[in-house]
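Here is a note for a colleague who is opening this structure for the first time. Please keep the view of the ligand at hand while reading the points.

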Amino acid sequence: MMLQNDLLLRAARGEQVERVPVWMMRQAGRILAEYRAVREKAGSFIQLATTPELAAEVTIQPVDLLGVDAAIIFSDILVVPEAMGLPYEMVEQRGPVFPQTVRTMKDLDSLHIADAEQDLGYVLEAIRIVKRDLQNRVPLIGFAGAPFTIFCYMTEGKGSKTFSVAKKLLYTDPAFAHTLLQKITDSTIAYLKAQVTAGANLIQIFDSWAGILSPEQYQTFSLPYIKQICDALVEAHGIEIPVTVFAKGAFFARQEIGTLSCSVVGLDWNMDPTESRQLIPDKTLQGNLDPCVLYSSFEQIRSEVRNMIDKFGKQRYIANLGHGVYPDTNPDKVRCFIEAVKEYGQV
Ligand code: CP3
């Protein structure tokens, strides 16, 4: 099955491209009125995410409405804890909440290693529908949270600025932390392999809370588990299915991330492109425009995009924001960002 537009996959594999590919983290979401309409129809975020036909519909919207070079499956990183036996709620204006948390060895008894087909079949079904309806126009990105980021939500029970409950456990009960991290890892490997079998063309791992750890803690509690996931995927599928590691805030770990078996490293706006190329010489880089640039004028957006591409270069590069797009961003500014990459990113 030949993709009509495989720029993202070629850039990820380190092959030559005739133009820089572009997509946006959190592109399937609240910036689009068309998304809000489908979410309204579904009734809630969780209803939308667990109804494969609707999840597929909002996955494809940004391809049609924004002109991005990839779709990303509409879901959430928190479906993995739910599949392990820890359900979440999405509270309006507040974000995710886990009514129960996991903080002791005893709490682990109620968790199991997720079975992808049985516990996450609705995501796999959404992937199959997207593949059918996309008709090979662009690749589909599958994803999961990194084990450490999932650990943060499962132990803390909600979002936090510091995740001090989660971090406390790293100091007070490291054996518990490693046992839970391994269970999350085993669940995530099964889930991501199943996403690829269902049709995902590239996998991104989001370590959204990497930046709260010290370099030593990152080495101990995050990297080894991301390494297991990368190695398992590369062993099962080769570089035909590239893996992207995005560790928000982990500027201090770029060199080590560069030694993983992933093909792409995602960067946030705190990480300088030139310095990152030196630290990660033989992988494709993705990023890293500050999402707040999209609040500026059309002219400023174009100028920031040119500046970014000049720094990264046009090969081994995937244009993106440095984190997810903010929900109150004007879709016309998003289209300006995408058009600017397509224009200025021509080789
Ligand atoms: O377009 C895409 O990128 C695909 C969909 C996607 C969602 N969540 C949908 C969503 C992806 C890739 C995610 C990943 C995710 N979820 C991460 C990692 C990426 C990151 O931003 O760091 C994290 C940390 C979460 C957890 C999460 N989910 C939070 C903290 C929140 C509330 C805050 C927020 O951003 O809304 C969510 C809810 C969520 N996930 C929404 C969407 C579209 C909004 C819910 C709604 O529509 O009401």
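The points below go from the ligand to the pocket around it and then to two details of the backbone.

1. Please bear in mind throughout that this is a predicted model. The remarks on the ligand, on the pocket and on the backbone should all be read as statements about that predicted model.

2. Which residues are closest to the ligand? The ligand is surrounded by 21 residues, and the closest are Arg30, Tyr35, Asp76, Ser208 and His323. Sorted by class, the residues of this shell comprise 12 nonpolar, 5 polar and 4 charged.

3. Some pairs of atoms deserve a look one by one, beginning with Tyr35, where a polar side-chain atom lies 2.6 Å from an oxygen atom of the ligand. For Arg39, an N or O atom of the side chain is 2.8 Å from an oxygen atom of the ligand, whereas Gln27 takes part through its backbone, with an N or O atom 3.2 Å from a ligand oxygen atom. As for cover, the ligand taken alone exposes 870 Å², and the protein buries 87% of that.

4. Where does the ligand sit? Its place is in the largest pocket, and the elements that give two or more residues to the shell around the ligand are helix H2 (33-42) and strand E3 (95-97).

5. The largest pocket itself holds about 1600 Å³ of space. It is lined by 42 residues, of which Arg26, Arg30, Asp76, Pro96 and Tyr153 are the closest to its centre. Two of these names, Arg30 and Asp76, also appear among the residues closest to the ligand, so a reader may wish to begin with them.

6. Which elements give two or more residues to the lining of the largest pocket? They are H2, strand E2 (89-91), E3 and helix H7 (147-156), and H2 gives the most, with 3 residues. By class, this lining has 21 nonpolar, 12 polar and 9 charged residues.

7. Gln93 should be checked in the backbone, as this residue has a positive phi of about 65° although it is not a glycine. Gln93 is found in the loop between E2 and E3, and both of those strands are among the elements that give two or more residues to the lining of the largest pocket.

8. A last backbone detail concerns the peptide bond from Gly287 to Asn288, which is cis, with omega near -15°. Asn288 lies in strand E8, which covers residues 284-289.

Technical notes. Residues numbered from 1 in each chain as written. Predicted model: local features only at pLDDT ≥ 70, side-chain atom pairs only at ≥ 80, totals over all residues. Heavy atoms only, no water. Near = heavy atom within 4 Å. Polar contact = N/O pair within 3.5 Å; in protein donor to acceptor, adjacent residues only side chain to side chain. Areas by Shrake-Rupley, 256 points an atom, 1.4 Å probe, with all protein chains shown as cover. 1 Å grid on protein atoms, 1.4 Å probe; cavity = no way out; pocket = protein on both sides within 12 Å on 5 of 7 lines; lining within 4 Å. Sits in = over half its atoms within 2 Å of the grid points. Helix = DSSP H or I, 4+ residues; strand = E, 2+ residues; numbered from the N terminus. Nonpolar A, V, L, I, M, F, W, Y, C, P; charged D, E, K, R; others polar. Points joined across faces, edges and corners; volume = space filled by probe spheres on them.
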